[in-house]
Every structure is written in C-alpha cells, then in structure tokens.
Amino acid sequence: MEQNKRKVFLKLDDLPSGFAGDDIIPGCIVLEGGAFRSLHQEGFLDALMESGINLSCAVGTSAGSLNGFGYICGNIGKAAYLNLKYRRDPNYVSVRNYLKTGCVIGFDYIMKNRSVNDGIPFREERLKDPRRRFVAVCTNVETGEAEYLERTNCDDLYAAMKASSSIPYFMRMLEIDGKKYLDGGCSDRIPYQWAIDQGYEKIIVVKTKPDSYREKKKTKVRHMGEYAIYRKYPNLAEKIINRAEIYNRQVEELDRLKNQGRVFVVAPEEPMQCRSLENNMETLGDLYFEGFNQGMRMIGDIKRYLGLPDNEEELKSG
C-alpha cells in the first residue's frame, strides 16, 4: 500500500545522468510504443548511450517517439527522470486533464514546462544536425495510414510527438498542417519496415513486450463500439479493429528478420507486471532498471551486430 501511495520513485537519485557522446554510428533504432511500459525501453536506451552507441536515426511510435527524441538529443536518464518524478503529478496524468483538455496526458506540461525541465535541458541542437534523424510515427485519421514526421516534412517536432502519442479514446486528435492525427500505434506499432525501406543496413528494434507475446483479437462488441466512436473515420476504425492481426504479423516478420541477422531485436526478458498507465512508482522504477541492466548485458552482442569493437582496447587499437 505504501508503494502505491508514493508519489516519486524512491531511488530517483540512482538514475544515470549526463549526455551522450558526439560520435554517430550509421543505423536506425526502432522504438515500439507502450505508454508507461516504455520505462523498460528508456533503461535500454540509457545503457546504449552510456556505452557510446549513438545511432544516426531513431524512429518511434507513441511513447517510443518520446524516447527516440531523448535518444537523438543525447539526454541520458532524462526520460526516466521525468516519468519517475512526475507520473503521479495530476498535471501530467489525470482524469482532470481529460475533463479540461480532452487528453489524459499533459504532454505540454512534461515537455515544455520550464520548472519541470530546469537543470536537465534537452540538447535540441542535435536535432538540427544533418547527420541525425528523428522520426515520429503518426496515424492520419482520414486515410488510416501511418505518416512519418521529421524535420524535413514537419516544422513542429513537439506537435509530431504529441500526435504520435495521442492514444485513441483517451486523447483527442491533433491537427498538423491541416491533417488530423492520432497515435502512430493505430497503423504502425513497430516501424521496422520504414527503416528497411529507408535503406538502413543496421537496425535495432526495441520492443516493449516479450518476444512470445501475441495480441488477442477483439470481440464483435468492441468492434461495434470502435466503429461507433470513429464512424466519421472508417479507415481509422478499420485499422484499430485489425490492430491485433497487424501487430502479430509484424512480430512474426521480425522473428524471421532476426533469425536472418537482418535486424537486432530487443524485448523484455519476462512478462511485464505493469499496466499501460501504471502508477506504482516502484514498479515503474524497477522496470527501468530491468531495461538498463539488460541493455548493459547485451552491449557486446550489439557491438558485434553493428560491426564495432566490443571492448575499449580494441577500440583504441582500431
């Protein structure tokens, strides 16, 4: 009970901090969404940055887009710090937010509020580096198709991340340049195919569910409800209804690509005891460190996949 009441993660000061190095490794990191389950992903990304693995591109869906933003900016520990300090703040996540703004998540509060972000600023200048790419996956509600927003086709990357993270039912649609968008997870939950189509030879896919996970199809009653809610957007409703089938196909294809050595796939090693909107701070903190520790254990394998020296002596001699 005490853990449930705790408003801030007890070991907040144990989080890593600092900034990633400036060296860039050609490749793309692909980030699945997963709301607060993405704390595991945040831990893994911090392990990469701590180990000097900074890929040139990050493409993310929903919470994965927020994590990709932090990764390209090179802010070690920042995403986890924000979530583990402010998750219980009603300005960040609450029914009150929904009643007031139509959105459960106070995105602007957590990303733009100066008092929240003082002391750990985003290194946004890295987003302007032509050698780096940050891409947020959003779903066009008219077409039901994924769109991949980055600085070359979107002037407001904050809006792109917000649209990518606009969870159906819990958040309202967001308009960018005359188009309405919702969560990228409606159309492309693990955007590895985008990375392949862009020509990246080295691709690391970071999932938020174990490799064994397969999604169950929804009931006909749920289908009817989704058609009713999004009746003005039939293409979007169709994608939401078929999410399980689309996701399971993606997972099967990823298994095949992983076995071929085409992509490197990272997933939680155990089923998560964590809800999408989990509010137990110790559960969330433990999830972060599970991802961080798993990442540190995998650094050697990741370096070999990327064709990098897997220890400091080799790095110096090379």
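1. A quick word on terms before the points: a pocket here is an open set of grid points with protein on both sides within 12 Å along at least five of seven lines. By that yardstick, the largest pocket comes out at a volume of about 1,100 Å³. Keep in mind that this is a predicted model.

2. On what surrounds that space: 50 residues line the largest pocket, and those lying nearest its centre are Gly-34, Ala-35, Ser-62, Ile-167 and Ser-276. Three elements give two or more residues to this lining, namely α3 (63-73), α4 (78-86) and α6 (107-112). Of the elements, α3 gives the most, with 5 residues.

3. As for the chemistry of the pocket, its lining splits into 25 nonpolar, 12 polar and 13 charged residues.

4. Next, the enclosed spaces. Searching the whole structure turns up 4 cavities of 30 Å³ or more. The largest cavity holds about 60 Å³ of space. Its lining is made up of Glu-42, Leu-45, Asp-46, Met-49, Asn-67, Gly-70, Tyr-71, Asn-75, Gly-77, Ala-79 and Ala-80.

5. Which elements give two or more residues to the lining of the largest cavity? They are α2, α3 and α4, and α2 gives the most, with 4 residues. Note that α3 and α4 also appear among the elements that give two or more residues to the lining of the largest pocket. By class, the cavity lining has 5 nonpolar, 4 polar and 2 charged residues.

6. Now for α2 and its partner. Two packed helices are described by the angle between their axes and the distance between the axes. For α2 (residues 39-50) and α13 (residues 281-306), the axes come within 6 Å and cross at roughly 40°. That angle falls outside the range under 35 degrees that counts as roughly parallel, and the two helices are therefore oblique to each other. The crossing is right-handed.

7. The residues behind that crossing: on the α2 side, the contact takes in Leu-39, His-40, Glu-42, Gly-43, Phe-44, Asp-46, Ala-47, Leu-48 and Glu-50. Facing them in α13 are Leu-284, Leu-287, Tyr-288, Glu-290, Gly-291, Phe-292, Gln-294, Gly-295, Met-296, Met-298, Ile-299 and Ile-302. Sorted by class, the contact has 12 nonpolar, 5 polar and 4 charged residues.

8. One link worth a look on screen: Glu-42 and Asp-46 meet α13, and Glu-42 and Asp-46 also line the largest cavity.

Notes
Residues are numbered from 1 along each chain as its sequence is written. This is a predicted model: local features need pLDDT of at least 70, side-chain atom pairs count only at pLDDT 80 or more; totals for chains, interfaces and linings use all residues. Side-chain values use heavy atoms; hydrogens and water are left out. On a 1 Å grid over the protein atoms alone, a cavity is a set of points where a 1.4 Å probe fits but cannot get out, and a pocket is an open set with protein on both sides within 12 Å along at least five of seven lines; lining residues have an atom within 4 Å of a point. Grid points are joined across faces, edges and corners, and a volume is the space filled by probe spheres set on the points. Ala, Val, Leu, Ile, Met, Phe, Trp, Tyr, Cys and Pro count as nonpolar, Asp, Glu, Lys and Arg as charged, and the others, Gly among them, as polar. Axes are lines fitted to C-alpha atoms, for helices over the stretch in contact, and angles run from 0 to 180 degrees between N-to-C directions. Angles under 35 degrees count as roughly parallel, over 145 as roughly antiparallel, 65 to 115 as roughly perpendicular and the rest as oblique. A crossing is left-handed if the near helix is turned anticlockwise from the far one by less than a right angle, and right-handed if clockwise. Contact means heavy atoms within 4.5 Å.
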